[in-house]
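Student: I would like to go through this structure and ask what the terms for it rest on.
Tutor: Go ahead, and each answer will set a value against its definition.

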Amino acid sequence: MATGRTHRPATRSRGIPEATVARLPLYLRALTALSERSVPTVSSEELAAAAGVNSAKLRKDFSYLGSYGTRGVGYDVEYLVYQISRELGLTQDWPVVIVGIGNLGAALANYGGFASRGFRVAALIDADPAMAGKPVAGIPVRHTDELEKIIEDNGVSIGVIATPAGAAQQVCDRLVAAGVTSILNFAPTVLTVPDGVDVRKVDLSIELQILAFHEQRKAGEETASGDGAVPAKRASAAGQGPDGDVPAVMPA
């Protein structure tokens with residue numbers, strides 16, 4: 001089976017916009033749920049509603065994949081699952097290392113969805129010598145001194161950083177120097193990486209702060225309305241983005 005070091009998805013070379021790439025996992029999640037219920041076909045409207053986008057945007061996204069559906073029938077669910085999985089690079093094995101096995105790192109290690117989505121946790125790594133050898137999710141934790149050898153031995157190209165903020169950049173630098181070209185960062189800090197390295201940041205506190213902003217705004221609207229009801233027009237706009245059809249806060 002191929003590893004992440006020998007093949008990379010061709011989305012950029014095929015000219016698929018990054019915004020479309022970001023929505024593909026949403027479509028795949030909705031399609032997988034349909035597949036598990038043995039639903040053979042789905043209309044663009046039904047799939048768009050399940051994925052949380054509008055149907056025109058969905059059809060435009062699928063046109064980049066060369067998939068246009070059949071008029072009066074819709075899209076073949078199983079074929080779309082395969083097509084999107086292939087485009088995202090999920091039809092092969094992607095070995096992943098998780099660095100920082102505190103509460104968050106341990107929770108990530110115990111997440112059961114990696115394997116079913118094309119990712120294999122190759123190693124769990126932590127700087128605490130007391131953690132070395134301890135099993136987490138059935139995988140023995142290894143010390144950071146072994147990081148470079150682990151990456152080389154397993155052909156790792158994706159690293160997950162779940163360390164405290166102060167250690168994240170140093171870990172990132174070591175991952176990149178060892179050959180990792182994609183990083184998922186859970187540390188509450190901005191990482192600096194060279195060209196050719198992709199970083200996706202997940203910051204739960206920022207997402208909660210954004211939600212707090214919207215809650216405060218809704219409370220202000222209720223007060224202004226005088227009767228506790230949010231005006232219909234403004235309530236609708238609060239759930240829309242700048243173009244009127246994308247939520248202002250998208251899920252990570």
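Student: Which residue follows H8, and what is the sign of its phi?
Tutor: Gly-179 follows H8, and its phi is positive, near 115°. As for the numbering, residues count from 1 along each chain as its sequence is written. This is a predicted model, where local features need pLDDT of at least 70 and side-chain atom pairs count only at pLDDT 80 or more, while totals for chains, interfaces and linings use all residues; side-chain values use heavy atoms, without hydrogens and water.

Student: How many helices and strands are there in the protein?
Tutor: The protein has ten helices and nine strands. Both are DSSP runs, numbered from the N terminus: helices are H or I with at least four residues, strands are E with at least two.

Student: How do you know that the span of H8 agrees with its number of residues?
Tutor: The expected span is 1.5 Å times one less than the number of residues. Helix H8 (residues 165–177) has 13 residues and should span 18 Å; its end C-alpha atoms are 19 Å apart, which agrees.

Student: Which residues of H8 are buried?
Tutor: They are Ala-168, Val-171, Cys-172, Leu-175 and Val-176. Buried means under 20% relative accessible area, exposed means over 50%, and partly exposed lies in between (1.4 Å probe, protein chains only).

Student: What puts these buried residues on the same side of H8?
Tutor: They cover an arc of only 130° around the axis, so they are on the same side of H8. The arc is taken from the directions from the helix axis to the C-beta atoms. The face turned away from that buried side carries the exposed residues Gly-166, Gln-170 and Ala-177.

Student: What covers the buried residues of H8?
Tutor: The cover includes strand E3 (94–99), helix H7 (147–154), strand E7 (158–161) and strand E8 (182–185).

Student: Why is strand E4 called largely enclosed?
Tutor: Six of the eight residues of E4 (residues 119–126) are buried, so the rest of the structure largely encloses this strand.

Student: What makes E3 and E4 a pair?
Tutor: Two strands pair if DSSP finds at least two bridges between them. E3 and E4 have six bridges, in the parallel sense, and Val-96 stands opposite Val-121 in E4. E4 is also joined to strand E6 (residues 139–143) by three bridges, again running parallel. There Leu-124 stands opposite Val-141 in E6.

Student: How many aromatic pairs does the count give?
Tutor: It gives three. Rings of Phe, Tyr and Trp (its six-membered ring) pair if their centres lie within 6.5 Å; planes under 30 degrees apart are stacked, over 60 edge-to-face, and the rest tilted.

Student: Why is the pair of Tyr-27 and Phe-62 called edge-to-face?
Tutor: Their ring centres are 5.0 Å apart and their planes stand at 75°, so the pair is edge-to-face. Tyr-27 lies in helix H1 (residues 18–36) and Phe-62 in helix H3 (residues 55–64), so the pair ties together parts that are 35 residues apart in sequence.

Student: Which angle lies between the planes of Phe-62 and Tyr-75?
Tutor: The angle is 85°, with 5.1 Å centre to centre, and this pair is edge-to-face. Ring pairs link Tyr-27, Phe-62 and Tyr-75 into a cluster.

Student: Why does Phe-62 count as buried?
Tutor: Phe-62 counts as buried because its relative accessibility is 0%. Tyr-75 is buried too, with a relative accessible area of 5%.

How values were computed: Contact means heavy atoms within 4.5 Å.
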